[in-house]
Amino acid sequence: MTTSSTSPQDASLEPVNAVAPSTLPPFDPRKAPFAVRNDGLPAVPAAQLTAQALRARFETPPVWTPELRREPRLTERVPAQAAVLVPIVQRSQGATVLLTERTAHLSTHSGQVAFPGGRVDPEDANVAAAALREAWEEVGLSAQYIEVLGNLPTYTTVTSFIVTPVVALVQPGFELTINPYEVADAFEVPLAWLMDPANHRHHTVPAPDGTKRQWYSMPYQDGADERFVWGATAGMLRNLYRFLSAPIAGLRPAGPPRGIKSSGKATLT
């Protein structure tokens, strides 16, 4: 993968897949207390992460329940529809997920890891079209390399965006052209690493209203850089894990090892 820069888009840009609203006091999410919440859950086997297996999973989806659907509402804005692309790149050494890092100058959610995505425009034929358009506008990922598999359930952010994750296979050979106004970097994380609950951290911090805010993170060490995947992006990846690991009818699920009791679904409060 190679990258180059282009001039900023003229349109007003607003992030949708992040989790730190202005009503929360400034904090470093990397320093928030956490626990590894795998509950004995197994990693998704490599055989279920191939292009053929992913196509089959979306063609005949299992019965499953998303773990995370809604973050606490901390704004009075009218909810808006949005879409993000979950680009699974078919590398020869194993599938990866293409992610972006937002630029530091943005007034909100600067520097955070995100999927390409944004608000669904009236001109978009559907959420998949919106996700493909945003991927082109943000990082120059051409639709000719993309095969849409299907959607995950919506995920509502604290900023009242109702986000539909559009999962797609991406063939190698593309070149990215990053929009420097909103994207500082684009990088890839192995899908197998993201689909292993041993790499999922569950954070809890006190909120000004006396409640607690909770979220997942998946810090990935990319050479000298730590790619801190967290908030809504990590929540949608956690749902992807639940989808890919759900047992298929007629097959016995692996389940937690003996002696380990599952504590059930985590929730965002």
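A residue counts as buried when its relative accessible area is under 20%, as exposed when that area is over 50%, and as partly exposed in between. The structure described here is a predicted model, and this scale is used throughout the report.

## Helix H1 and its aromatic partner

Phenylalanine 58 has a relative accessibility of 13%, and because the limit for a buried residue is under 20%, it counts as buried. It belongs to the buried set of helix H1 (residues 51-59), which consists of Ala51, Leu54, Arg57 and Phe58. Viewed along the axis of H1, these buried residues fall within an arc of 125 degrees, so they line one face of the helix. An α-helix has 3.6 residues a turn, so residues three or four places apart point the same way. On the other side of H1, by contrast, Gln52 and Glu59 are exposed. The packing partners of the buried residues of H1 are strand E3 (80-89), strand E7 (146-151), strand E9 (161-170), helix H3 (191-194) and helix H4 (231-245).

A search of the whole structure finds five aromatic pairs. One of them joins phenylalanine 58 to phenylalanine 243 in a tilted arrangement, with 4.7 Å centre to centre and 50 degrees between the planes. This pair links distant parts of the chain, since phenylalanine 58 is in helix H1 and phenylalanine 243 is in helix H4, 185 residues apart. Phenylalanine 243 is likewise assigned as buried, because its relative accessibility is 4%. Together with Trp64, Phe58 and Phe243 form one aromatic cluster.

A further pair is made by tyrosine 145 and phenylalanine 174, which are edge-to-face at 6.3 Å centre to centre with 70 degrees between the planes. Here the distant parts of the chain that are linked are two loops, with tyrosine 145 in the loop between H2 and E7 and phenylalanine 174 in the loop between E9 and strand E10 (176-178), 29 residues apart. Tyrosine 145 counts as partly exposed at 24% relative accessibility, whereas phenylalanine 174 is buried with a relative accessible area of 4%.

## Buried charges without a salt bridge

Arginine 57, which lies in helix H1, is buried yet has no salt bridge, and the nearest side chain of opposite charge, that of glutamate 59, is 11 Å away. The side chain of arginine 57 instead reaches backbone oxygens, that of leucine 244 at 3.4 Å and that of alanine 246 at 2.8 Å. Leaving aside neighbours within four places in sequence, the contacts of arginine 57 include Gln48, Pro62, Phe243 and Ile248.

Glutamate 138, found in helix H2 (residues 127-139), is also buried and without a salt bridge, and the nearest side chain of opposite charge, arginine 102, is 4.8 Å away. Because a salt bridge requires a nitrogen–oxygen distance within 4 Å, this separation does not qualify. A polar atom of the side chain of glutamate 138 does lie 3.4 Å from the backbone nitrogen of glycine 117. Beyond four places in sequence, glutamate 138 touches several residues, among them Phe115, Pro116, Thr177, Ile178 and Glu182.

Threonine 177 also appears in a second relation, being 35 residues from serine 142 in sequence and 9.8 Å from it in space, C-alpha to C-alpha. Serine 142 is placed in the loop between H2 and E7 and is buried, with a relative accessible area of 18%.

## Salt bridges

The count of salt bridges comes to twelve, and three of the bridges are set out below.

| Residues | N to O distance |
|---|---|
| Arginine 227 and glutamate 101 | 3.6 Å |
| Arginine 133 and aspartate 121 | 3.3 Å |
| Arginine 133 and aspartate 124 | 2.9 Å |

The bridge between arginine 227 and glutamate 101 links distant parts of the chain, with arginine 227 in strand E14 (residues 225-230) and glutamate 101 in strand E4 (residues 96-102), 126 residues apart. Arginine 227 is buried at a relative accessible area of 8%, while glutamate 101 counts as partly exposed at 26%.

The bridge between arginine 133 and aspartate 121 joins helix H2, where arginine 133 is found, to the loop between strand E6 (117-119) and H2, where aspartate 121 is found, twelve residues apart. Aspartate 121 is partly exposed, with a relative accessible area of 28%, whereas aspartate 124 is buried, with a relative accessible area of 14%. Asp121, Asp124 and Arg133 are linked with Glu134 and Glu137 in a network of salt bridges.

Conventions:
Residues numbered from 1 in each chain as written. Predicted model: local features only at pLDDT ≥ 70, side-chain atom pairs only at ≥ 80, totals over all residues. Heavy atoms only, no water. Buried < 20%, exposed > 50% of the residue type's maximum accessible area, 1.4 Å probe, protein only. Helix = DSSP H or I, 4+ residues; strand = E, 2+ residues; numbered from the N terminus. Arc of directions from axis to C-beta. Contact = heavy atoms within 4.5 Å. Lys, Arg positive; Asp, Glu negative; His and termini not counted. Polar contact = N/O pair within 3.5 Å; in protein donor to acceptor, adjacent residues only side chain to side chain. Phe/Tyr/Trp six-rings, centres within 6.5 Å; stacked < 30°, edge-to-face > 60°.
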